[in-house]
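Student: I should like to take a close look at a single part of this structure. Could you please guide me through one strand and its surroundings?

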Amino acid sequence: MPSETITRELHFGENLEVLRHSIPDRSVHLVYLDPPFNSNRAFHLWSAAPHSTASQSKAPGRKQDGAHGAVFADKWSWGEQTETEFDELRRGEPALAGALAALRTVLNDSGAMAYLVMMAARLAEIRRVLRPDGALYLHCDPSASHYLKILLDALFGARNFRNEIVWHYYNKFSAGKRVFARCFDQIFFYSAGDRYVFNPLREPRQEPVRQLLRENVGGILKNRKDAAGKTMTRIVHDRKVDAVWRIPCLQYASREFCGFPTQKPLALLERIILASSNPGEVVLDPFCGCGTALLAAQKLERGWIGIDKSPSAMGLVQTRLSENFPDLAYQRVGLPPAETVLALNRAKKRPAL
Ligand SMILES: C[S@@+](CC[C@H](N)C(=O)[O-])C[C@H]1O[C@@H](n2cnc3c(N)ncnc32)[C@H](O)[C@@H]1O
């Protein structure tokens, strides 16, 4: 596909509005979303990220607070907006609204329930923009994963559930005196229908292993033998990627880290994009943060659409894009120049790819 016909769009704004008004039905091949997790906390930019030239740096490793406030807050309460979104779902998405109503009998009008209504409204729009052969990867953690899977089953059909991927970030454990250390996120993989792109992936093994050689004899797999009747083996250096992904999370000193509090590693996004899309296809990230999915999509020659309502996130995405792909042309929609420049100044860093 000629490069100029590839979709590349960065939208600043509330993703529900952008999805509804700017993204056509059945136009996207792959959606990755890494929304707030219902963690009941606020996230701040990290000042003085090691590769940052930010002028407002404080002590290394300190969270930047104060004048600019949080990048985003992951705290929820039941309000007018929740009622409106729930009513819209009752009218347009009866199965999803039914699942929400059932959950409400357990959660009442709690913050968790408000969070789920917010997610349901956006997931319904995401389902609409996904092509019939498309796929969705929803990144979450055990705070709400059990509820989110119910919503996804209601929206996509349980038969289209493909995997629960465990991202095991073995280099960061949450401290807890009375619980086991938390060390993974979950990523739910659903397809829109029976036919969908899936490119199996392989990864290097830590140690090579000797494996039996097998052959298909009349439909039955049997050990292969040499002329002398001896079972044959081979040394294998790689393995099929399974549903447990051991990928380190970004640390303060990681080369890739740009100071965004919930920034995901490029390696994680590259895996998803390689497995579930082909070059030239469109990857949508409606909670794009500092743009990791967009950078990975660009690197792998996919089209991309990113949406975020945080000015700081928008500044970081643009910085990362321009530093890694200096001549890249893309559509910027709704970006306010003043805030963008402010965030850009805070976010300068070396290219990470
Ligand atoms: C967990 S972060 C995403 C991090 C991203 N995956 C990365 O690697 O940088 C979630 C993002 O969603 C954005 N967000 C939350 N609610 C939103 C909404 N309703 N519309 C648009 N963006 C939203 C926040 O501003 C935040 O940047």
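Tutor: Helices and strands are here DSSP runs, of at least four residues for a helix and at least two for a strand, numbered from the N terminus. Counted in this way, the chain of this predicted model has nine helices and 15 strands. The part chosen for a close look is strand β2, which covers residues 28–33.

Consider its surroundings first. A residue counts as buried if 20 or more other C-beta atoms lie within 10 Å of its own. Six of the six residues of β2 meet this condition, and the strand is therefore largely enclosed by the rest of the structure. For the chain of 353 residues, the buried share is 38%.

Next, consider the partners of the strand. With strand β5, residues 130–140, β2 forms a parallel pairing over five bridges. Within that pairing, L33 of β2 faces L138 of β5. Strand β13, residues 282–285, also runs parallel to β2, and two bridges join them. Here L30 has V283 in β13 as its bridge partner. In a regular strand, side chains alternate between the two faces of the sheet.

The pairings of β2 may be set beside a figure for the chain: among contacts between residues at least 6 apart in sequence, 74% join residues at least 24 apart.

Finally, a word on the ligand. The ligand is surrounded by 19 residues, and the closest are N15, F287, G289, T292 and S310. The shell around the ligand consists of eight nonpolar, six polar and five charged residues.

How values were computed:
Residues are numbered from 1 along each chain as its sequence is written. This is a predicted model: local features need pLDDT of at least 70, side-chain atom pairs count only at pLDDT 80 or more; totals for chains, interfaces and linings use all residues. A residue is buried if 20 or more other C-beta atoms lie within 10 Å of its own, exposed if 12 or fewer, and partly exposed in between; C-beta atoms are placed from the backbone. Two strands pair if DSSP finds at least two bridges between them. A residue is near a molecule or strand if its C-beta atom, placed from the backbone, lies within 6 Å of it. Ala, Val, Leu, Ile, Met, Phe, Trp, Tyr, Cys and Pro count as nonpolar, Asp, Glu, Lys and Arg as charged, and the others, Gly among them, as polar. Two residues are in contact if their C-beta atoms, placed from the backbone, lie within 7 Å.
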